[in-house]
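Okay, thanks for coming, everyone. Let me put the structure up on the screen and then talk you through it.

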Amino acid sequence: MKRIAVLTTGGDAPGMNPAIRSVVRCGVARGLEVMGVFRGWFGLINEELKVLNHRSVSGIINQGGTILKTGRCPEFATNESQDRAFNTIKKFAIDGLVVIGGNGSFAAAHAFGTKYNVPCIGIPASIDNDINGIDVTIGSDTAVNTALTAIDNIRDTATSMERIFVVEVMGRDCGFIALSVALAGGCEDVI
């Protein structure tokens with residue numbers, strides 16, 4: 001293995017940039033060339049890649065989002081788009097992919113890797129904490145603490161006005177954020 005590519009797909013999550021930095025620095029330390037794929041699967045389809053090195057990932061740890069950009073890519077479900085992505089991998093002599101994302105990203109990586117025999121490694125990054133088989137995803141702790149900060153900021157107002165405040169958090173099909181925030185924030189009820 002001489003060259004790998006790293007991409008971030010789906011929604012962004014706090015901690016994606018440190019994950020990118022780690023992939024690049026560990027890869028370079030082991031003699032690999034690391035390419036960054038911009039805009040997730042879309043960038044792999046459309047050849048939006050750039051070689052990354054120590055300098056290109058310097059100073060990104062505290063930046064939110066992802067320097068590689070991200071997004072959902074419904075067109076990646078088509079055979080034509082997957083063929084184009086595989087042609088990009090061949091053209092740039094990429095030996096494996098590191099996919100930083102959530103459950104949809106991993107499902108796509110598994111299907112793609114199996115179909116084209118491309119080694120894929122996943123780094124779980126999802127504020128929803130909905131990846132099976134791991135305890136905590138990159139971004140989920142920040143999501144919980146952001147919600148707790150908001151609750152702390154409105155608690156005095158709710159008490160002073162003798163009102164019930166309803167706080168809605170993200171999580172899609174997973175109740176991790178809601179349950180964690182309810183426990184840590186001392187909420188009366190959680191749905």
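I'll start with the overall fold, then go through salt bridges, cysteines, the pocket and a couple of backbone oddities.

Quick housekeeping before that. This is a predicted model, so keep in mind how it was filtered: local features need pLDDT of at least 70, side-chain atom pairs count only at pLDDT 80 or more, and totals for chains, interfaces and linings use all residues. Residues are numbered from 1 along each chain as its sequence is written, and side-chain values use heavy atoms, with hydrogens and water left out.

Right, the fold. The protein chain has 6 helices and 5 strands; those are DSSP runs numbered from the N terminus, H or I of at least four residues for helices and E of at least two for strands. Reading along the sequence you get β-α-β-α-β-α-β-α-β-α-α. The C-alpha trace spans about 65 × 35 × 25 Å along its principal axes. Of the 191 residues, 41% are buried. When I say buried I mean under 20% relative accessible area, exposed is over 50%, and partly exposed is in between, with a 1.4 Å probe and protein chains only.

Now salt bridges, meaning a side-chain nitrogen of Lys or Arg within 4 Å of a carboxyl oxygen of Asp or Glu. The structure holds 5 of them, and I'll show you three.

One of them pairs R3 with E33, with the closest N and O atoms 2.5 Å apart. R3 sits in strand 1, residues 3–8, and E33 in strand 2, residues 33–37, so this pair ties together parts that are 30 residues apart in sequence. R3 is partly exposed at 22%, and E33 is partly exposed too, at 30%.

Next up is R172 with D130, where the closest N and O atoms are 3.4 Å apart. This one links distant parts of the chain: R172 is in the loop between helix 5 and helix 6, D130 is in the loop between strand 5 (120–124) and helix 5, and they are 42 residues apart. Buried or exposed, for D130? At 18% relative accessibility, D130 counts as buried, while R172 is exposed at 56%.

Then there's a local one. R155 bridges to D152, closest N and O atoms 2.9 Å apart. Both lie in helix 5, 3 residues apart, about one turn of the helix. R155 is partly exposed at 33%, and so is D152 at 47%.

On to the cysteines. A disulfide is a covalent bond between the sulfur atoms of two cysteines. The search here looked for pairs of cysteine sulfur atoms within 2.5 Å. How many disulfides does the whole structure have? It has 0. Take C120: the closest cysteine sulfur to its own is in C73, 15 Å away, which is too far for a bond. C187 is in no disulfide either, with the nearest cysteine sulfur, that of C174, 17 Å away. As for accessibility, C120 is partly exposed at 28% and C187 is partly exposed at 34%.

C187 brings me to the largest pocket. A pocket here is found on a 1 Å grid over the protein atoms alone: it's an open set of points where a 1.4 Å probe fits, with protein on both sides within 12 Å along at least five of seven lines, and lining residues have an atom within 4 Å of a point. The largest pocket holds about 780 Å³ of space, where the volume is the space filled by probe spheres set on the points, and points are joined across faces, edges and corners. Its lining has 27 residues, with F165, V166, V167, C187 and D189 nearest the centre. Helix 5 and helix 6 are the elements giving two or more residues to that lining, and helix 5 has the largest share, 5 residues.

F165 is worth another look. It's in the loop between helix 5 (140–160) and helix 6 (176–185), and it's partly exposed at 35%.

Last bit: backbone oddities. E47 has a positive phi of about 60 degrees although it isn't a glycine, and N117 likewise has a positive phi of about 60 degrees without being a glycine. E47 lies in the loop between helix 2 (41–45) and strand 3 (49–52), and N117 in the loop between helix 4 (103–116) and strand 5. E47 is partly exposed at 36%, whereas N117 is exposed at 70%.

That's my tour, thanks.
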